Amino acid sequence: MDISARTEYAVRAMLILAEAATTSAGPVSVEMLSYRQTLPRKFLEAIVADLRTAGLVKSTRGARGGYSLAREPRDISLGEVFRAVDGPLAEVRGLRPHETAYEGVATHLPTVWVALRASLRSVLDETSLADVLSGELPERVALLAADPDAWRSR
């Protein structure tokens, strides 16, 4: 799986907003989001617009304006952030995994694609911004990450 820069930047920006929500810091400007994680400002503006359209962040105008989470950090999953900026978690040449069909030796391949999507969902949809911020990841995620083989490149 390739995690795009767009998705990575979105998650990092959302974690700053989650931190602001937990400390009642108020809205955070794009400039501050950009500065705090060394993200390209113009690119980040487009990403935040997508997050706003998806209902994950809200904007406040004015001198002390900026962005804040639309819901509590515990109520926003990483999967929602991924989908807001990059679309579905898994696609096969533009099709959803369950929409694929093959003949012959590849007949059962859609089942593998669906299982892959389910695996992504089990990590990304069960992990909230609050989980990542605190480091207290869901048990399933923590167990996967604890496997030494998970950290090896192949």
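Trainee: How many helices and strands are there in the protein chain?

Mentor: Helices (H or I, at least four residues) and strands (E, at least two) are DSSP runs, numbered from the N terminus. The protein chain has 7 helices and 2 strands, in the sequence pattern α-α-α-β-β-α-α-α-α. This is a predicted model, in which local features need pLDDT of at least 70 and side-chain atom pairs count only at pLDDT 80 or more, while totals for chains, interfaces and linings use all residues. Residues are numbered from 1 along each chain as its sequence is written, and side-chain values use heavy atoms, with hydrogens and water left out.

Trainee: Is S68 buried or exposed?

Mentor: Buried means under 20% relative accessible area, exposed over 50%, and partly exposed in between (1.4 Å probe, protein chains only). S68 lies in strand β2 (residues 66-69) and counts as buried because its relative accessibility is 17%. Across the protein chain, 34% of the 154 residues are buried.

Trainee: Which residues does S68 touch, not counting residues up to four places away in sequence?

Mentor: A contact means heavy atoms within 4.5 Å. With that sequence limit, S68 touches L17, P27, L56, V57 and K58. For the protein chain, take the contacts between residues at least 6 apart in sequence: 55% of them join residues at least 24 apart.

Trainee: How is empty space found, and what volume does the largest pocket have?

Mentor: Rolling a probe the size of a water molecule over the atoms shows where empty space is left. On a 1 Å grid over the protein atoms alone, a pocket is an open set of points where a 1.4 Å probe fits, with protein on both sides within 12 Å along at least five of seven lines; lining residues have an atom within 4 Å of a point. Grid points are joined across faces, edges and corners, and a volume is the space filled by probe spheres set on the points. The largest pocket has a volume of about 360 Å³.

Trainee: Which helices each supply at least two residues of its lining?

Mentor: They are α5 (109-124) and α7 (139-146), with the largest share, 3 residues, from α7. Lining residues include L78, T127 and W151.

Trainee: What classes of residue line the two pockets?

Mentor: Ala, Val, Leu, Ile, Met, Phe, Trp, Tyr, Cys and Pro count as nonpolar, Asp, Glu, Lys and Arg as charged, and the others, Gly among them, as polar. The lining of the largest pocket has 10 nonpolar, 1 polar and no charged residues. The second largest pocket, of about 180 Å³, has 9 nonpolar, no polar and 3 charged residues in its lining. Among its lining residues are D2, D86 and E91.
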